[in-house]
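Biologist: I should like to learn how to read the open spaces, enclosed spaces and backbone angles of a protein model. May we work through one example together?

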Amino acid sequence: TQARGKDEVVCADEVAKLCYERFSQLPRRGKPEPGREWTLLAAVLQITRGADSHSVAMEVVSLGTGTKCIGQTAMSPTGDVLNDSHAEVIARRGCIRYLIQELHGAVSGRGSSVFCAADERGKWKLRPRVSFLLFTSHTPCGDASIIPMTDSQPQPCPPVTSVKGHEQTDGGGDLKRKAEESGEERISKQPHLEETAETKEEDRGDTEQHIHRTGAKCVPGGPADPLQPGVGYHSPGVLRVKPGRGEPTLSLSCSDKMARWGVLGFQGALLSHYLQEALYFSTMVVGKCPYDQEVMQRALVTRCACVSDLPAGFAVRPPELLQATLEFPFSQAQTELQHQAGQGRISPCGAAISWCNVTEQPLDVTANGYKHGVTKKALGTAKARSLLCKSELFHSFLSLVSATDPSALPDSLRKAELQTYWDYKQASQSYQQAWQQLRSQAFPLWPRSDRNLLLFH
């Protein structure tokens with residue numbers, strides 16, 4: 001926690017420092033190997049202003065690292081796999097665990113530092129002086145990373161290439177998998193034309209003509225990337241899916257997910273049952289990396305700016321965008337600087353770390369969508385599940401519902417027929433209406449979830 005004095009503006013560098021310090025205090029497990037592996041870091045901070053508004057306390061309530069995504073064939077109908085392990089998504093899911101704990105305190109009468117009673121039956125709202133901030137060590141993958149080049153720094157989701165013939169699932173496949181997912185193999189495997197475009201950028205002097213590229217692919221049914229040299233390589237402003245292990249994923253890019261959080265809130269459909277108003281990030285801070293304010297504005301704000309006719313409790317509430325001057329020590333650029341001969345080639349770290357401010361099991365380290373280090377035999381058992389997977393978050397939510405006095409249940413949870421994860425999400429009607437408006441007005445091409453993957457209970 002850090003308190004601020006008279007000038008109550010959030011300081012981007014203070015936020016970055018707090019997040020990097022929190023990361024350094026975590027145990028070694030799942031962290032990148034210095035000089036050889038890199039990762040991305042994101043965190044959610046709770047900001048509490050003093051009664052006099054002169055003091056501001058900032059506290060990291062959830063932190064995530066990770067760069068990976070599960071391909072669509074590895075997705076599970078029982079909700080036991082963590083599909084998207086990019087840092088921002090991990091940080092948000094950890095924050096959901098924290099909010100469920102806070103709601104437990106609220107409904108049980110123990111109290112909460114986040115929520116107070118709202119006027120609708122069974123509903124809660126944010127305390128007046130509490131807000132949330134999102135930090136990410138690098139611009140989010142997808143649209144926000146398509147930045148005009150001023151230098152030759154790397155991007156978070158580099159172009160991915162075909163990996164036919166490299167489909168090992170265990171043992172020696174791990175290193176190859178890390179490289180493939182992040183597009184590290186792009187130089188050696190791409191057609192000659194693209195190789196020259198990508199590798200000669202720094203030598204041309206005329207850097208204004210070139211852009212940082214994203215490995216996230218345009219969603220089907222819309223404009224494709226023209227793949228022209230220089231700034232004509234990508235189509236800006238389009239929805240993208242993250243690259244997986246050589247097969248498509250169904251996970252939208254972090255730029256797209258964050259743009260969506262600016263309208264629907266980051267609390268998700270389940271917690272919307274308990275909340276009178278959606279929860280929005282008031283501020284978003286990005287660490288030192290290639291960054292362009294206009295591009296960030298386009299990716300996270302402009303695309304949803306015109307959405308209207310939202311149900312009560314929802315609004316277009318994009319975050320204020322700030323950049324810090326402090327770089328994450330385990331960024332790709334820093335790892336390249338620290339790399340020493342004989343360390344083997346640099347690759348993204350295969351693990352994802354989640355830490356959140358909960359009393360039970362705050363730490364969750366995963367790889368390939370399951371708990372880090374589980375044996376193949378344990379896959380499919382409770383022991384292998386990440387605490388952030390759909391199934392675990394659903395069961396945490398159900399325990400909140402059980403802990404709620406029946407007379408204090410929100411109206412939307414008073415239906416007898418609610419059984420599956422899908423049922424509970426659909427019953428969150430205002431949230432679903434808001435999503436319908438956002439989808440139809442801003443994101444008509446957003447892929448629909450496969451209902452069969454959501455019917456677990």
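**Pockets, cavities and backbone angles**

Modeller: In this predicted model, the largest pocket has a volume of about 1,400 Å³. Its lining comprises 46 residues, and those closest to the centre of the pocket are Arg 260, Lys 390, Tyr 421, Lys 425 and Ser 449.

Biologist: Which elements give two or more residues to the lining of the largest pocket?

Modeller: One strand appears in that list, strand 12 (248–252). The helices are helix 2 (87–108), helix 6 (254–264), helix 7 (268–272), helix 10 (390–403), helix 11 (421–426) and helix 12 (429–441).

Biologist: How does the lining of the largest pocket divide by class?

Modeller: The lining holds 25 nonpolar residues, together with 11 polar and 10 charged ones.

Biologist: Let us turn to enclosed spaces. How many cavities of 30 Å³ or more does a search of the whole structure find?

Modeller: A cavity is a space where the probe fits but cannot get out, whereas a pocket is open. The search finds three cavities of 30 Å³ or more. The second largest cavity has a volume of about 80 Å³.

Biologist: Which residues line the second largest cavity?

Modeller: Its lining consists of Leu 134, Met 258, Trp 261, Gly 262, Tyr 280, Phe 281, Met 284, Leu 300, Arg 317 and Pro 319. By class, eight of these residues are nonpolar, one is polar and one is charged.

Biologist: Which element gives the most to the lining of the second largest cavity?

Modeller: Helix 6 does, with three residues. Strand 13 (281–286) also supplies at least two residues of that lining. Helix 6 is likewise among the elements that give two or more residues to the lining of the largest pocket.

Biologist: Finally, how should I read the backbone angle phi?

Modeller: Most residues other than glycine have a negative phi. Asp 309 is not a glycine, yet it has a positive phi of about 60°. Asn 368 also has a positive phi, near 55°.

Biologist: Where does Asp 309 lie, and where does Asn 368 lie?

Modeller: Asp 309 is in the loop between helix 8 (293–300) and strand 14 (320–323). Asn 368 belongs to the loop between strand 17 (363–367) and strand 18 (370–371).

Biologist: Why is Asp 309 classed as exposed, and why is Asn 368 classed as partly exposed?

Modeller: Exposed means over 50% relative accessible area. Asp 309 is therefore exposed, because its relative accessible area is 63%. Asn 368 has a relative accessible area of 39%, so it counts as partly exposed.

Note on methods. Residues numbered from 1 in each chain as written. Predicted model: local features only at pLDDT ≥ 70, side-chain atom pairs only at ≥ 80, totals over all residues. Heavy atoms only, no water. Helix = DSSP H or I, 4+ residues; strand = E, 2+ residues; numbered from the N terminus. Buried < 20%, exposed > 50% of the residue type's maximum accessible area, 1.4 Å probe, protein only. 1 Å grid on protein atoms, 1.4 Å probe; cavity = no way out; pocket = protein on both sides within 12 Å on 5 of 7 lines; lining within 4 Å. Points joined across faces, edges and corners; volume = space filled by probe spheres on them. Nonpolar A, V, L, I, M, F, W, Y, C, P; charged D, E, K, R; others polar.
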